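Trainee: I have a structure open and don't know where to start. Can we go through it together?
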Amino acid sequence: MEQALQNYERATQELVTELRAVWKVEREKLAHERRDLEEVRTRLELETAEGRRALESERVSFTAKMVGVGGLVARPTERVLLNVGGKNFETTRRTLTAALTVAPDSLLGAMFSGRHKGCLQPNGEGRIFIDRNGAMFEYILDFLRGYSQGDKNAAFAIRALPEIQMAVMRHELDYYGLESAVFPQASFSINLAAFSPGPKMLSKRRGSGAAVLPNNRGVLVVGGYSDGEFLASTELLNTDTQTFSTGPSMESRRSYCGTVVLEDGQVVVVGGLNKTVLSTSEVLNPATNTWSLGPNLASCRYKCATLPLSNT
């Protein structure tokens, strides 16, 4: 009896051990399957997220394209036909009013904002006539087109005009009220100001005079000393193109001369140094762009200060 009981306990123990081994294997198998399922779920979530991002990107791209197409295809009510000085132009109200945010006094913006529609009188061809320079208006219209599309270099063609054409262009921009849009005034804060390299002059010079010319004509640099000789040459900085060009030579070589601009635009240089200290002066006529001798100072002087006196 006792032997039978022992045999039963031993058999029971072996069965329990066997069942535990089977249970351990099944548990590991289930754990492995669970990990596989977790990996599959994670992969599916990532693929779903990537798919959503791709769809969102495609939606944004499609929307941008549709907006771009909408900007290119103007509705008939948006089209504007113009005759400026005998030249025909075709554009949109959106283009003509593009610069209102920076030039609120823009004539074109006011004309085509819709507030004064009844005042516009198209001709038989449906064109609105503006009696101004058609050649200059072509530049202005190209600027407005670029500006309306966010082109930061929209004004480049205007700013690169030669001096004579630039004078005409500024007159036209003033008429249309767009000068502040083409030549914006940068806000200045002394706390944020910083120097950066400027354009190189045509000649090395020290002891030169300089004056800011009126009507945005640039900066005139006169005389100076370079490579063992005193200079009579001058240079003009175009602040729009940031380039120097040769100016008219003075009558005399001089460095450390006083330089001043008068109210009528004439430039006066006084005194200076040319081996000896000078008492002579010269005057630049802006109309002829030539120098002529001015009155002599009572005393020879250089490195002197100059100041224009008002007539009032």
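Mentor: Start with a pair of helices, and keep in mind that this is a predicted model. Helix α4, residues 134–148, packs with helix α6, residues 163–176, at an angle of about 70 degrees, and their axes are 10 Å apart.

Trainee: Why give an angle and a distance?

Mentor: Two packed helices are described by the angle between their axes and the distance between those axes.

Trainee: OK, what does the angle make α4 relative to α6, roughly parallel or roughly perpendicular?

Mentor: Roughly perpendicular, because angles of 65 to 115 degrees count as that.

Trainee: And which hand does the crossing have?

Mentor: Right-handed, as α4 passes α6.

Trainee: Which residues make the contact?

Mentor: From α4 there are Met136, Phe137, Tyr139 and Ile140. From α6 there are Gln165, Val168, Met169, Glu172, Leu173 and Tyr176.

Trainee: How many of those are nonpolar, polar or charged?

Mentor: Eight residues of the contact are nonpolar, one is polar and one is charged.

Trainee: Changing topic. Which residues touch the most other members in the largest nonpolar core?

Mentor: Leu82, Leu108, Phe112 and Leu178 do, in a core of 31 residues.

Trainee: Which helices and strands supply that core?

Mentor: At least two residues each come from β1 (79–84), α3 (107–111), β3 (127–130), α4, α6 and α7 (179–182). The most come from α4, which gives six residues.

Trainee: Is there another core, and what is in it?

Mentor: There is another one lying apart from the largest, with 12 residues. Ala211, Val222, Leu236 and Met250 are among them.

Trainee: Back to Phe112. What does Phe112 touch?

Mentor: Leaving out residues up to four places away in sequence, Phe112 touches Val80, Leu82, Arg93, Leu96, Thr97, Leu120 and Ile128.

Trainee: Now backbone angles. What is phi of Gln242?

Mentor: Near 55 degrees, which is a positive value in a residue other than glycine. Gln242 sits in the loop between β8 (234–238) and β9 (243–246).

Trainee: Is Gln242 buried, or partly exposed?

Mentor: Partly exposed, because its relative accessible area is 41%, and partly exposed runs between 20% and 50%.

Trainee: What about Lys275, what is its phi?

Mentor: Lys275 has a positive phi of about 70 degrees, although it is not a glycine. Lys275 is in a loop too, the one between β12 (273–274) and β13 (276–277).

Trainee: Buried or exposed?

Mentor: Lys275 is exposed, because its relative accessible area is 75% and the cut-off for exposed is over 50%.

Key: Residues are numbered from 1 along each chain as its sequence is written. This is a predicted model: local features need pLDDT of at least 70, side-chain atom pairs count only at pLDDT 80 or more; totals for chains, interfaces and linings use all residues. Side-chain values use heavy atoms; hydrogens and water are left out. Axes are lines fitted to C-alpha atoms, for helices over the stretch in contact, and angles run from 0 to 180 degrees between N-to-C directions. Helices (H or I, at least four residues) and strands (E, at least two) are DSSP runs, numbered from the N terminus. Angles under 35 degrees count as roughly parallel, over 145 as roughly antiparallel, 65 to 115 as roughly perpendicular and the rest as oblique. A crossing is left-handed if the near helix is turned anticlockwise from the far one by less than a right angle, and right-handed if clockwise. Contact means heavy atoms within 4.5 Å. Ala, Val, Leu, Ile, Met, Phe, Trp, Tyr, Cys and Pro count as nonpolar, Asp, Glu, Lys and Arg as charged, and the others, Gly among them, as polar. A nonpolar core is a set of buried Ala, Val, Leu, Ile, Met, Phe, Trp, Tyr and Cys residues joined through side-chain atoms within 4.5 Å. Buried means under 20% relative accessible area, exposed over 50%, partly exposed in between (1.4 Å probe, protein chains only).
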